[in-house]
Amino acid sequence: MSVEDTYLLNIRTLPIGESEGEYLITKELFDKFNNTDIISANVDCKVKIDRTDRIISLFFSFRGVISVLCDRCLEPLNLNIMAKDVLYMKLGDENIQENEEDNVVYLHEREMKFDLSQFLYESVLSQKPFRCVHGEVGEGECNAEMIERIEKQNVETSNNYLSDNNNKELDPRWEALKKIDNL
Ligand SMILES: [Zn+2]
């Protein structure tokens, strides 16, 4: 089953009144949007749906875990996700107006299905803090060995850069050219 199938809401068969749904959000969803920051995901999404003739209200509860790489030691870091979100769908006739309202989508009343992928993706992603470092968010501690290795690599890189520049200045060919220029 493709992601599109997984997160499709079938509007045509959705009953008037209350109903429920459930979606499992996995890494596949993040792959679909070419997001490589999320290295794994296992988030259960329950949705309570309330439908009138023209308005569908969806109340989502997310609960689960996503993994990202720590900004400091580059090792996996688990983030617990516990969040709620809401989406309203308004069904209309031919003259649907573009609208900028948050959390509201306007659908043609003949629309059969709605793909929730984008909404679910953004909703879970909004829970990821801007800075992800062990101990600050999520559980666990930074891998000290990794940090040491990364720091060593940074020092080597900047040393190489410095010695490259020094060599250029000391290169006798450059010196010779300089002399020609000065003639
Ligand atoms: Zn870390």
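The exercises below work through the fold, the sheet, one helix and a few single residues of a predicted model.

Residues are numbered from 1 along each chain as its sequence is written. Because the model is predicted, local features need pLDDT of at least 70 and side-chain atom pairs count only at pLDDT 80 or more, while totals for chains, interfaces and linings use all residues.

**Exercise 1. The elements**

Task: State how many helices and strands the protein has, and in what order the elements run.

Solution. Step 1: helices (H or I, at least four residues) and strands (E, at least two) are taken as DSSP runs, numbered from the N terminus. Step 2: on that basis the protein has five helices and seven strands. Step 3: the elements run α-β-β-α-β-β-β-β-β-α-α-α from the N terminus.

**Exercise 2. The sheet**

Task: Give the strand order of the open sheet and name the edge strands.

Solution. Step 1: two strands pair if DSSP finds at least two bridges between them. Step 2: five strands form an open sheet in the order S2-S3-S4-S5-S6, with mixed pairing. Step 3: S2 and S6 (104–108) are the edge strands, each pairing on one side only. Step 4: the twist averages 20° from one strand to the next; the axes behind this angle are lines fitted to C-alpha atoms, for helices over the stretch in contact, and angles run from 0 to 180 degrees between N-to-C directions.

Task: Describe how each strand pairs with the next across the sheet, with an opposed residue pair for each.

Solution. Step 1: S2 and S3 are antiparallel over 10 bridges, and Glu18 stands opposite Asp50 in S3. Step 2: S3 and S4 are also antiparallel, joined by 12 bridges; Arg51 stands opposite Ile56 in S4. These two strands form a hairpin with three residues between them. Step 3: 15 bridges join the antiparallel strands S4 and S5, where Arg63 has Met82 of S5 as its bridge partner. S4 and S5 form a hairpin with six residues between them. Step 4: S5 and S6 pair in the parallel sense over five bridges, and Tyr88 stands opposite Val104 in S6.

**Exercise 3. Helix H3**

Task: Find the buried residues of H3, decide how they are arranged, and say what covers them.

Solution. Step 1: a residue is buried if 20 or more other C-beta atoms lie within 10 Å of its own, exposed if 12 or fewer, and partly exposed in between, with C-beta atoms placed from the backbone. Step 2: in H3 (residues 117–125) the buried residues are Leu120, Ser123 and Val124. Step 3: viewed down the axis of H3, these residues fall within an arc of 90° (the arc of the directions from the helix axis to the C-beta atoms), so they line one face of the helix. An α-helix has 3.6 residues a turn, so residues three or four places apart point the same way. Step 4: the cover includes S2 (17–26), H2 (27–32), S3 (40–51), S4 (55–69) and S5 (76–92). Step 5: H3 lies across S2, S3, S4 and S5, at about 50° to S4.

**Exercise 4. The core**

Task: Which residues of the largest nonpolar core touch the most other members, and which elements supply it?

Solution. Step 1: a nonpolar core is a set of buried Ala, Val, Leu, Ile, Met, Phe, Trp, Tyr and Cys residues joined through C-beta atoms within 7 Å. Step 2: the largest has 21 residues, and Ile25, Val43, Cys45, Leu120 and Val124 touch the most other members. Step 3: S2, H2, S3, S4, S5 and H3 each supply at least two residues, and S4 gives the most, with five. Step 4: two residues are in contact if their C-beta atoms lie within 7 Å. Beyond four places in sequence, Val43 has contacts that include Ile25, Phe62, Ile81 and Val124.

**Exercise 5. Single residues**

Task: Is Ala41 buried or exposed, and what does Ala41 touch?

Solution. Step 1: Ala41 lies in S3. Step 2: Ala41 counts as buried because 22 C-beta neighbours lie inside 10 Å. Step 3: apart from residues up to four places away in sequence, Ala41 touches Ile25, Thr26, Lys27, Phe30 and Ile66.

Task: Locate Leu74 and Asn103 and classify their exposure.

Solution. Step 1: Leu74 lies in the loop between S4 and S5, and has a positive phi of about 65° although it is not a glycine. Step 2: with 14 C-beta neighbours inside 10 Å, Leu74 counts as partly exposed. Step 3: Asn103 is in the loop between S5 and S6, with a positive phi near 60°. Step 4: with 12 C-beta neighbours inside 10 Å, Asn103 counts as exposed.
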